Amino acid sequence: DGALQVVVHDAMLGTDILLETDRLVLSVATIPREDANQLAQLLKVPQMQDGFFQEAHMKLAPIDFASEGIFLCGMAHYPKKAVTESVIQAKAAAGRAATILAQRDLEIEPITSHVLEDKCDGCAYCIDPCPFDAITLIEYQDESGQTKKRVVVDETICKGCGTCQATCPKDAIYVSHFKLDYLRAMTMAALEV
């Protein structure tokens with residue numbers, strides 16, 4: 001007869017219910033902010049295919065990113081069914097931030113990259129691949145007054161991943177305890193066995 005009917009399942013009653021309605025209004029889709037991609041690039045944090053931010057590990061670190069000191073909560077993570085989910089995540093993120101802020105001193109990674117100044121010619125091949133933006137190019141004057149370039153590593157940001165060492169064509173940058181000579185010796189020793 002042209003009337004709109006909607007059948008829904010009522011979990012409390014355990015049965016289907018027939019509703020006669022004048023209109024059916026679907027909920028509006030929740031989408032990420034348009035500038036979420038810019039924020040992800042700025043903070044160096046990953047996004048899922050749908051544009052929401054992705055945690056470091058779903059079970060082990062549900063509010064953490066791989067980048068330390070940045071935490072995830074609420075609708076930035078994914079569309080939540082209930083506000084209580086966002087509140088619980090926000091409390092967890094605030095608690096994680098408070099544990100960092102409450103410390104008088106913070107320990108940094110012991111394994112970081114180091115530049116051999118005499119070998120570095122400032123080609124900057126290592127800057128873009130660095131996932132933590134820990135390397136910058138500087139200009140300086142040597143003893144003779146010539147302007148030269150080389151890279152500098154910010155050890156407070158560096159995580160010692162070794163990407164810079166792998167991309168340097170001059171062997172001018174190395175990760176602590178992992179110089180190329182050491183790696184070659186270990187590889188040769190392993191091949192001899």
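This note walks through the predicted model point by point, from overall shape to single residues.

1. **Overall layout.** The protein has four helices and six strands. Read from the N terminus, the order of elements is β-β-α-α-β-β-β-α-β-α. The radius of gyration is 26 Å, and the globule rule gives 16 Å for 193 residues, so the protein is more spread out than a compact globule. Along the principal axes, the C-alpha atoms fill a box of roughly 95 × 50 × 40 Å.

2. **Burial and contact range.** Of the 193 residues, 24% are buried. Take the contacts with a separation of 6 or more: 42% of them join residues 24 or more positions apart.

3. **The largest nonpolar core.** This core holds 14 residues. Which of them touch the most other members? They are Val115, Cys126, Ile135, Val151, Val153 and Ile173. Val115 is a useful place to start looking. Beyond its neighbours within four places in sequence, Val115 is in contact with Cys120, Val151, Val153, Ala172 and Ile173. Three of these partners, Val151, Val153 and Ile173, are also on the list of core members that touch the most others.

4. **Another core.** Apart from the largest core lies another, of seven residues. Its members include Ala40, Val45, Phe53 and Leu72.

5. **Ala36 in helix 1.** Ala36 belongs to helix 1. Is Ala36 buried or exposed? Its relative accessibility is 7%, so Ala36 counts as buried. Setting aside residues within four places in sequence, Ala36 is in contact with Gln47, Gly51 and Phe53. Phe53 is 17 residues from Ala36 along the chain, and their C-alpha atoms are separated by 8.3 Å. Phe53 is also one of the residues of the seven-residue core.

6. **Pro32, ahead of helix 1.** Pro32 sits in the loop between strand 2 (15-21) and helix 1. Not counting residues up to four places away in sequence, Pro32 touches Asp50, Gly51 and Phe52. Gly51 is thus a partner of Pro32 and of Ala36. Gly14 is another matter. Pro32 and Gly14 are 18 residues apart in sequence, with 35 Å between their C-alpha atoms.

7. **Lys44, a backbone point to check.** Most residues other than glycine have a negative phi. Lys44 is not a glycine, yet its phi is positive, at about 60°. Where does Lys44 lie? Its place is the loop between helix 1 (36-43) and helix 2. Lys44 has 39% relative accessibility and so counts as partly exposed.

8. **Ala124, another positive phi.** Ala124 is also a residue other than glycine, and its phi is positive, at about 70°. Ala124 falls in the loop between strand 3 (113-115) and strand 4 (135-141). With a relative accessible area of 23%, Ala124 is partly exposed.

9. **The largest pocket.** Its volume is about 690 Å³. The lining consists of 27 residues, and the closest to the pocket centre are Ser67, Glu68, Gly69, Thr156 and Lys159. Which element gives the largest share of the lining? Helix 2 (residues 83-101) does, with three residues. By class, the lining divides into 14 nonpolar, five polar and eight charged residues.

10. **The largest cavity.** Searching the whole structure turns up two cavities of 30 Å³ or more. The largest has a volume of about 80 Å³. Of its 14 lining residues, Cys120, Cys123, Cys126, Cys168 and Ala172 are the closest to the centre. Some of these names have come up already. Cys120 and Ala172 are contacts of Val115, and Cys126 is among the core members that touch the most others. The lining has eleven nonpolar residues, one polar and two charged.

11. **The second largest cavity.** This one has a volume of about 60 Å³. Which residues are the closest to its centre? Of the 13 that line it, they are Ser113, Cys130, Cys158, Cys161 and Cys164. Its lining divides into eight nonpolar, four polar and one charged. Ser113 also falls within strand 3 (113-115).

Terms used: Residues numbered from 1 in each chain as written. Predicted model: local features only at pLDDT ≥ 70, side-chain atom pairs only at ≥ 80, totals over all residues. Heavy atoms only, no water. Core = buried A, V, L, I, M, F, W, Y, C linked by side-chain atoms within 4.5 Å. Buried < 20%, exposed > 50% of the residue type's maximum accessible area, 1.4 Å probe, protein only. Contact = heavy atoms within 4.5 Å. 1 Å grid on protein atoms, 1.4 Å probe; cavity = no way out; pocket = protein on both sides within 12 Å on 5 of 7 lines; lining within 4 Å. Points joined across faces, edges and corners; volume = space filled by probe spheres on them. Helix = DSSP H or I, 4+ residues; strand = E, 2+ residues; numbered from the N terminus. Nonpolar A, V, L, I, M, F, W, Y, C, P; charged D, E, K, R; others polar. Rg over C-alpha atoms; globule rule 2.2 N^0.38 Å.
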